[in-house]
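User: Could you walk me through this structure step by step, at a level that suits a first-year student?

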Amino acid sequence: MKTLFKLFAVAAAFGLTPAALAQDNNAAEPAQAAAAAPRDAISAQSQASPAQPEEVSDPALANVTGEEPSDAQVAKSTYASKATPQPGIGQPDGRMNLQDQFTPIGEEAAWFHNWLLLPVITIISVFVLFLLLYVVVRYRRKAHPIPSRTTHNTLLEVVWTLVPVLILVVIAVPSIKLLANQYSPPKADLTVKVIGNQWYWTYQYPDNGDFEIVSNGLSDADAKKRGEPRMLGVDERMVVPAGATVKLIVTSNDVIHAFGVPAFWVKMDAVPGRLNETWFKVDKPGIYYGQCYELCGARHAYMPIAVEVVPPAQYAAWVASKGGTMPGGSKPKSSDATQNSPITNPPVADLTNTSGGSATATSPEPSNVVDAVATAPTSSQGATNSRRGDNQ
């Protein structure tokens, strides 16, 4: 009892009665629950989406510790989500004329078409129509019941021979110049191998680690959801840097296809066992669409082409996201690379020398050259058994 009284006396001295102690404990519990609530919420959020990286739109926010962002963080911050298509740019919009051109070859070809071919064709058509109407009215049977027996006119025959020749010469000069520029490309900055399949495209990047992407057309519902034009959207676009000269090596794995992008003035057949080349250079970032222009089978209309042109920094981030490397990071593995320098095997020490002298270094025989013909992709998307005896 004496001990109990001493405890009550100490509690009274500090103003801590049993009721006060119970009240303090009750007040501390909500505070502890409130403090634990944010931690529980953060833990639940991290468990709900553990693999969702946060998109960084500003390089300055890439490092919240106040340190300077690294090159990888800057590259990642510049690579945002896929761009949105712009109506009237790189896609059909119902016009009767050609699409707007965004390559030097396309601009030259559009000028040749709009300012030379169309005026010449229009003038010839109007002139021939006038001659036909004049002959019908002037030399009708009622006006000339007795027809003329004139069979030769030297001046007229010279004129209708020389005038077509001059017209062809006028057309031939810029036409040959356009063909020469189209098939004499400048030095390429990037090489992309384009492979046609039934019924999808694959793109290989030998300059960036030789990775490959598979591009399939989107359904109408998926295209509408992503804001893509109908029958032109794809799940994986070909991505190239703006301002770079891009060389395309075009081939096929099965039947004849044709790779074409109207806004680039590019159209090249994809033939099995053959490597065809074409090129383009685009300075304006954006999305440009095309189609397979060769009747290649039942789903010919469902293998569209989408080329996304991005700034160089964003292109580097895209390459990194696909597991590739930029030039300088590592040597390309493919023989189709633009900057392809032969990689020699390192010398191997000859350990068979038993005479007491120093060992000599020998170089092994070079490995076989990689065949440049495209091989079938490892992806099974769109694969079709077209051989008759495969299942036997």
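Analyst: The questions below go from the whole chain to one sheet and then to a helix that lies across it, and the model is a predicted one.

User: How many helices and strands does the protein chain have?
Analyst: The chain is made up of 392 residues, of which 29% count as buried. Counting its regular elements along the chain gives seven helices and twelve strands.

User: What is the order of the strands in the open sheet of five strands?
Analyst: In general, strands of a sheet pair through backbone hydrogen bonds, either parallel or antiparallel. In this open sheet the pairing is mixed, and the edge strands, each pairing on one side only, are S4 (238-241) and S7 (266-270). From one strand to the next the twist averages 25 degrees. Read across, the order is S4-S10-S9-S6-S7.

User: Which residue in S7 is the bridge partner of Ala258?
Analyst: Strand S6 covers residues 257-261, and S6 pairs with S7 in the antiparallel sense over five bridges. For Ala258, the bridge partner in S7 is Asp269.

User: At about what angle to S4 does H7 run?
Analyst: Helix H7 spans residues 312-321, and its buried residues include Tyr315 and Trp318. This helix lies across both S4 and strand S10 (305-310), and its direction relative to S4 is about 140 degrees.

User: Which residue just after H7 takes a positive phi?
Analyst: Within H7, Val319 is among the buried residues. Just after the helix comes a residue with a positive phi of about 85 degrees, and that residue is Gly323.

Notes
Residues numbered from 1 in each chain as written. Predicted model: local features only at pLDDT ≥ 70, side-chain atom pairs only at ≥ 80, totals over all residues. Heavy atoms only, no water. Buried < 20%, exposed > 50% of the residue type's maximum accessible area, 1.4 Å probe, protein only. Helix = DSSP H or I, 4+ residues; strand = E, 2+ residues; numbered from the N terminus. Pairing = 2+ DSSP bridges. Axes fitted to C-alpha atoms, helices over the stretch in contact; angles between N-to-C directions. Contact = heavy atoms within 4.5 Å.
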